[in-house]
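This briefing is intended to be read alongside the sequence and the three-dimensional model. It begins with a single residue and then turns to the wider structure.

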Amino acid sequence: MEYLLETDNLTKKYGNITAVDHVSIKIRRGEIYGLIGRNGAGKTTFFKMLAGLCKPTAGTFSIFGEPPEKTPKLRDRIGVLIERPGLFYTLSAYNNLRIQAIALGMNDDEYLHELLREVGLAEYEKMKVKKLSMGMKQRLGIAMSLVSRPDLLLLDEPINGLDPQGIVEIRELIERLSKERNITIMISSHILEELSKIATRYGIIHNGQLIDEFTHQELLKRCSEHIEIRTSDPTKSCTVLEQMGITEYKVVDKSIIQIFERLTESGDIVLELAKNNIKTLSIAVKNEALEDYYLAMTGGAKQ
Amino acid sequence: MRNLINMNLYRMRKAVSTWVLAIVAVAIAVLDFGIMKIYVDDPFGWGLAEVTGLTGGMDMMKTITGFLRGTDLLIVLSIFVVIFTNAEQKCGFDKNIIGITKHKWKQTLSRWLSAMIGVTAIMALSYGTFTGLSVIFMNSFSAGDMLAYGKLMLIVYLFYAAFSALFFFFTTLFKSSAGGLVPSLLITTGVLSLITKLLDLGAEKLFHDPKYLPSDFFLEGAYSAVSPDASNGTIIRVVATAAVYLVVALGLSMFLQQKRDVR
């Protein structure tokens with residue numbers, strides 16, 4: 001399996017504060033990896049380390065199988081948009097792209113016009129950036145990150161502060177880039193609902209730590225109908241569930257067990273727990289929303 | 001690094017502030033020439049030519065000496081260097097390009113070299129305008145001792161480079177236009193020289209006619225000692241002072257960039 005990006009215990013400390021804490025992630029070619037976390041969870045710091053904006057305190061990472069410090073040219077193969085796009089507001093959209101292209105040693109003017117067309121800004125190429133809407137600036141920022149024709153795109157909070165229309169436009173653009181250009185994308189957001197529409201794999205980052213990773217299918221499964229049970233002894237309950245042959249379950253918030261199979265057998269489960277002297281405090285069949293799932297994950301980690 | 005210099009020059013050309021400051025630099029040259037012309041022609045018979053020493057036939061050295069004494073152009077250049085240096089950081093563009101070189105100090109060096117190209121262009125424009133006006137409008141104007149003139153201009157250029165490195169360092173250190181402009185303007189407007197004069201007085205009181213004064217080791221103090229009549233010893237001292245400021249300010253800027261994270 002070819003990994004475009006691999007991080008190994010990547011850590012960043014600012015004084016006593018650990019912004020990113022031993023994060024290990026592997027991203028395969030063609031994936032859209034969604035990094036989800038609250039504001040201040042460590043997403044931006046993680047992206048900044050990958051983009052070379054700050055040095056890791058500990059841990060390593062490799063891009064295309066190579067450590068970045070050994071092959072700085074690899075950076076040309078990575079497009080980066082960290083938080084708000086870095087644009088010269090008094091210059092035109094085209095001139096901003098041109099500046100980026102010159103810095104990268106590229107001289108393909110037609111490609112720059114093509115990029116502007118691709119992000120829907122062809123009509124506005126001569127307009128000063130300060131006159132563009134927030135969504136347009138964000139799209140221009142993505143175009144800037146595409147100047148080097150990257151294989152890997154790092155997009156940090158690209159939908160932050162956008163109106164619903166702007167969010168849809170960015171989402172469609174990202175989907176198009178992934179399909180048509182076969183670009184591997186790592187995208188961060190604190191809105192799971194939005195990421196769930198485009199990402200193929202997810203990682204949840206909380207307090208600097210990667211607390212969970214799952215595929216899109218797993219996400220759908222986890223957010224699907226399940227039995228939610230609260231018992232007097234969750235640890236012993238898990239042993240009982242496994243003795244019953246139930247394997248698709250998880251413990252949330254240390255005391256709640258979510259079971260994703262044999263949904264019609266809740267009575268049998270209660271009976272079996274009782275036989276093992278475990279009291280069932282509550283039991284219900286639930287259908288969790290994505291945001292609830294995310295909150296349960298990060299809330300659990302907080303405790 | 002060549003790509004980065006090209007990129008910096010492109011954005012310099014496209015920035016309105018560059019052209020505005022270039023026009024201001026030309027205006028300063030025109031204004032200073034106008035004042036000098038009044039001194040030389042002395043239309044009101046006030047004996048201004050004798051007071052300012054602008055008597056007899058005018059040559060390159062005589063005209064330019066008066067121009068380089070003024071700090072107006074230096075103020076313009078300080079504003080230019082600060083605006084240019086801080087632009088990438090202010091708008092966050094540095095995040096787009098910082099990862100493309102292995103060593104971040106190369107980006108600092110390329111930015112300073114680009115700023116120096118701008119400084120050279122503005123300086124040439126201003127001095128060129130002043131010299132051009134002198135050639136056209138001064139009566140009995142001659143080239144004079146071009147070797148001495150060239151030597152003087154080289155020293156002046158070294159000082160402009162050192163001042164630019166110092167302004168560049170302030171902007172890099174404080175990471176803001178205000179942080180760069182305040183100390184730069186304190187130097188160029190002569191406020192700092194008031195303090196160094198006080199230090200000189202203190203040193204004279206303490207050491208009774210010392211060989212060197214504190215102001216000799218400040219950049220603006222050394223710059224004020226630059227003149228066509230300066231002794232070789234003075235020239236060596238001021239050139240060494242400018243060179244040290246240039247190397248240290250630039251070195252510190254590169255060190256800061258290399259060590260700092262981009263936030």
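A:His226 counts as buried, because 22 C-beta neighbours lie inside 10 Å and the cut-off for a buried residue is 20 or more. The model is a predicted one. The points below treat the surroundings of this residue, the build of chain A, two backbone features, a helix pair in chain B and the contact of the two chains.

**Surroundings of A:His226**

- A:His226 is placed in strand β11 of chain A, which covers residues 225-231.
- Leaving aside residues up to four places away in sequence, A:His226 touches A:Gln258, A:Ile259, A:Phe260 and A:Lys286.
- One of these partners, A:Gln258, is 32 residues from A:His226 along the chain, yet the two C-alpha atoms are separated by 6.3 Å.

**Build of chain A**

- Chain A has 303 residues, of which 41% count as buried.
- Its secondary structure consists of 10 helices and 14 strands.
- The domain assignment divides chain A into domain 1 (3-218) and domain 2 (224-287).
- Between the C-alpha centres of domain 1 and domain 2 of chain A there is a distance of 40 Å.
- Along the principal axes, the C-alpha atoms of chain A fill a box of roughly 75 × 40 × 35 Å.
- Among contacts in chain A with a separation of 6 or more, 71% join residues 24 or more positions apart.

**Positive phi values in chain A**

- Most residues other than glycine have a negative phi.
- A:Asn9, which is not a glycine, has a positive phi of about 50°.
- This residue, A:Asn9, is found in strand β1 of chain A (residues 3-14).
- A:Asn9 counts as partly exposed, because it has 14 C-beta neighbours inside 10 Å.
- A:Phe64 is also a residue other than glycine with a positive phi, in this case near 55°.
- The position of A:Phe64 is in the loop between β5 (58-63) and β6 (78-81) of chain A.
- With 17 C-beta neighbours inside 10 Å, A:Phe64 therefore counts as partly exposed.

**Helix pair α5(B) and α8(B)**

- Two packed helices are described by the angle between their axes and the distance between the axes.
- The axes of α5(B) and of helix α8 of chain B (residues 146-174) come within 9 Å and cross at roughly 40°.
- The crossing angle is the reason why α5(B) is described as oblique to α8(B).
- In handedness, the crossing of α5(B) and α8(B) is right-handed.
- From α5(B), the residues that meet α8(B) are B:Leu74, B:Leu77, B:Ser78, B:Val81, B:Val82, B:Thr85 and B:Asn86.
- From α8(B), the residues that meet α5(B) are B:Tyr160, B:Phe163, B:Ser164, B:Phe167, B:Phe168, B:Thr171 and B:Thr172.
- By class, the residues of this helix contact comprise eight nonpolar, six polar and no charged.

**Contact between chains A and B**

- Chain A gives 27 residues to the contact and chain B gives 23 residues.
- On the side of chain B that touches chain A, α1 (2-14), α5 (72-91) and α6 (94-97) of chain B each supply at least two residues.
- The largest share of that side, seven residues, comes from α1(B).
- Sorted by class, the side of chain B that touches chain A has 11 nonpolar, six polar and six charged residues.
- Helix α5(B) thus appears in two settings: it supplies residues to the side of chain B that touches chain A, and it also meets α8(B).

Notes: Residues numbered from 1 in each chain as written. Chains lettered and ligands numbered in written order. Predicted model: local features only at pLDDT ≥ 70, side-chain atom pairs only at ≥ 80, totals over all residues. Contact = placed C-beta atoms within 7 Å. Helix = DSSP H or I, 4+ residues; strand = E, 2+ residues; numbered from the N terminus. Nonpolar A, V, L, I, M, F, W, Y, C, P; charged D, E, K, R; others polar. Domains from an automatic or database assignment. Buried ≥ 20, exposed ≤ 12 C-beta atoms within 10 Å, placed from the backbone. Axes fitted to C-alpha atoms, helices over the stretch in contact; angles between N-to-C directions. Parallel < 35°, antiparallel > 145°, perpendicular 65-115°, else oblique. Left-handed = near helix turned anticlockwise from the far one by under 90°.
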